[in-house]
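Reader: I am new to this structure. Please take me through one part of it closely, starting from how it divides.

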Amino acid sequence: MHPRHEMLELIVIDGRARGIVTRNMVTGEIESWVADAVVLATGGYGNVFFLSTNAMGCNVTAGWRAHRKGAYFANPCYTQIHPTCIPVHGTTQSKLTLMSESLRNDGRIWVPKNAEDCAKDPRDIPEEARDYYLERIYPSFGNLVPRDIASRQAKNMCDEGRGVGPEVEEVNHRTGETQLRRRGVYLDFAEAIQRLGKKAVEAKYGNLFDMYAQITGENPYETPMRIYPAVHYTMGGVWVDYDLMTTIPGLYCAGEANFSDHGANRLGASALMQGLSDGYFVLPNTINDYLSKGAMPKVEADHPAVVEAVNSVKERINHLISIKGSRTVDSFHKELGNIMWEYCGMERDEEGLKYAIAEIRKLREEFWRDVKVTGVNEDFNQTLERAGRVADFLELGELMCIDALHRRESCGGHFRAESQTEDGEALRHDDEFLYVGAWEFGGDGGQPILHKEPLEYEAIELKQRSYK
Ligand SMILES: Cc1cc2nc3c(=O)[nH]c(=O)nc-3n(C[C@H](O)[C@H](O)[C@H](O)COP(=O)(O)OP(=O)(O)OC[C@H]3O[C@@H](n4cnc5c(N)ncnc54)[C@H](O)[C@@H]3O)c2cc1C
């Protein structure tokens with residue numbers, strides 16, 4: 001075990017993955033590790049949005065470094081937005097909290113029918129003035145519609161001006177104008193408490209209610225919870241085949257870091273189960289198969305490819321420290337997150353995505369000119385760690401927008417405003433987009449190259465979803 005080591009580069013020799021380069025996060029030592037095969041199990045990249053339900057250390061660096069060395073990155077634009085999170089409460093927040101999905105089993109989601117009621121105490125708003133919008137729009141599924149649909153409808157309600165909770169200042173990046181919006185909807189247990197009794201509700205959800213009360217200072221037994229969607233899970237990732245091998249022979253990728261099993265939607269699937277099956281059942285067999293094909297030539301630490309990988313890591317770190325600019329790493333990360341959330345979040349359109357790509361390019365250029373990384377490499381230095389990760393997020397964010405721009409259909413977690421049914425639901429275009437979009441790195445300043453892996457369904461018939 002090598003805890004507190006961060007992989008910062010992949011070593012590729014004769015087209016095969018033969019090791020990694022790490023930084024010791026306590027001492028700053030840069031080390032190379034050679035191997036016959038490499039497995040990345042480095043999690044999802046939701047933190048490209050800055051605010052997400054992920055742990056703050058989650059990042060894309062391992063997958064992105066592999067991508068730059070030849071591993072394709074698939075379907076990067078598919079992001080799962082979870083509808084049941086505690087709303088953003090200000091501009092100094094660095095993390096969002098997920099309230100469990102299970103709450104939607106008994107909680108009823110609503111907003112006031114009239115915008116004038118939005119600032120009122122919800123207990124003073126009578127039944128007839130409430131809009132249980134999921135039950136109204138989707139009578140068959142009601143509050144249990146899938147995550148993407150519940151999320152988008154919450155956004156729609158708030159966009160209409162019927163959100164609840166404190167007003168939050170929002171800047172329209174395109175016009176520069178600021179506006180005040182309430183970004184929250186009610187998740188109400190009053191009816192469940194009446195039907196089941198407080199004790200039963202407490203037995204089922206007590207820990208979640210406690211967590212909510214501790215964070216918000218509001219008692220959800222007495223007043224409805226306020227929730228809003230948040231970035232939760234990334235369904236794109238490093239492309240792998242059925243053996244979990246990437247396009248670099250000998251490089252494997254497991255769990256949320258790969259794109260596999262998630263499709264555009266991952267609503268009925270389980271991320272934890274996928275990680276377990278990847279690790280317990282798939283990799284022990286497929287890596288053995290790869291290794292059994294013949295002995296690998298021995299690689300020493302002075303092999304030119306190893307030296308080159310180590311030097312590239314050192315140069316990058318030295319470069320980051322030497323810039324000594326005026327803007328903090330977090331300020332770049334936040335700005336990137338705002339762009340991603342606004343233009344590559346719950347709803348995307350062509351104009352917004354083009355704008356986002358241009359803004360991300362500008363921001364990346366500014367980052368490499370003006371970022372301020374304090375401290376030195378030879379120490380515990382979280383600013384330096386974050387700087388490297390944000391540098392990679394700035395490249396990934398652009399690819400996500402490019403992927404979202406090219407996919408001119410709505411599909412699960414990717415909702416294109418231009419591609420919707422008359423009643424505002426996602427409209428797929430299977431005739432044009434029935435494929436995995438796997439992107440090859442096009443070089444610094446170059447265009448990523450799209451490879452299409454057709455999706456072939458033999459046992460089931462493709463159908464447009466309806467929850468009405
Ligand atoms: C709040 C929350 C609730 C969830 N609830 C559920 C649920 O109920 N059911 C479900 O199925 N899924 C759930 N998920 C999703 C699921 O937890 C994740 O998809 C899953 O844990 C991912 O597992 P993983 O092993 O692929 O990655 P992770 O668990 O993210 O592990 C990746 C590891 O790699 C390390 N790492 C990253 N980069 C590097 C690097 N460059 N060098 C070295 N190490 C690195 C990280 O520090 C981390 O330890 C939830 C997720 C969240 C955030």
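Reader: How many Å separate the centres of domain 1 and domain 2, taken over C-alpha atoms?

Author: The answer is 32 Å, centre to centre over C-alpha atoms. This is a predicted model, where local features need pLDDT of at least 70, side-chain atom pairs count only at pLDDT 80 or more, and totals for chains, interfaces and linings use all residues. Residues are numbered from 1 along each chain as its sequence is written.

Start with the bounds, which come from an automatic or database domain assignment. Domain 1 covers 5-78 and 235-454. Domain 2 covers 83-230.

Now the place where they meet. Contact means that C-beta atoms, placed from the backbone, lie within 7 Å. Domain 1 puts 15 residues in contact with 18 residues of domain 2. On the domain 1 side, α8 (329-343) and α9 (350-370) each give two or more residues. That side holds seven nonpolar, five polar and three charged residues. Here Ala, Val, Leu, Ile, Met, Phe, Trp, Tyr, Cys and Pro count as nonpolar, Asp, Glu, Lys and Arg as charged, and the others, Gly among them, as polar.

Next, look at the sheets. Helices (H or I, at least four residues) and strands (E, at least two) are DSSP runs, numbered from the N terminus. Strands pair if DSSP finds at least two bridges between them. One open sheet has three strands, ordered β1-β2-β3, with antiparallel pairing. β1 (5-13) and β3 (30-34) are at the edges with a single partner strand each, so one side of each has no neighbour in the sheet. On average, neighbouring strands are turned by 25° against each other, direction ignored. β2 (residues 16-24) pairs with β3 over five bridges. Within this region, Gly19 sits opposite Val34 of β3. Helix α7 (residues 304-323) packs on this sheet and touches β1, β2 and β3. The direction of α7 makes about 145° with that of β1; axes are lines fitted to C-alpha atoms, for helices over the stretch in contact, with angles from 0 to 180 degrees between N-to-C directions.

A second open sheet has four strands in the order β13-β5-β17-β18, again with antiparallel pairing. Its edges are β13 (237-238) and β18 (449-454); each has a single partner strand, so one side of each is left free of a neighbour in the sheet. β5 (residues 73-74) joins β17 (residues 435-440) over two bridges. Phe73 faces Trp439 of β17. Helix α10 (residues 382-406) packs on this sheet, touching β5, β17 and β18.

Definitions and conventions: Contact = placed C-beta atoms within 7 Å.
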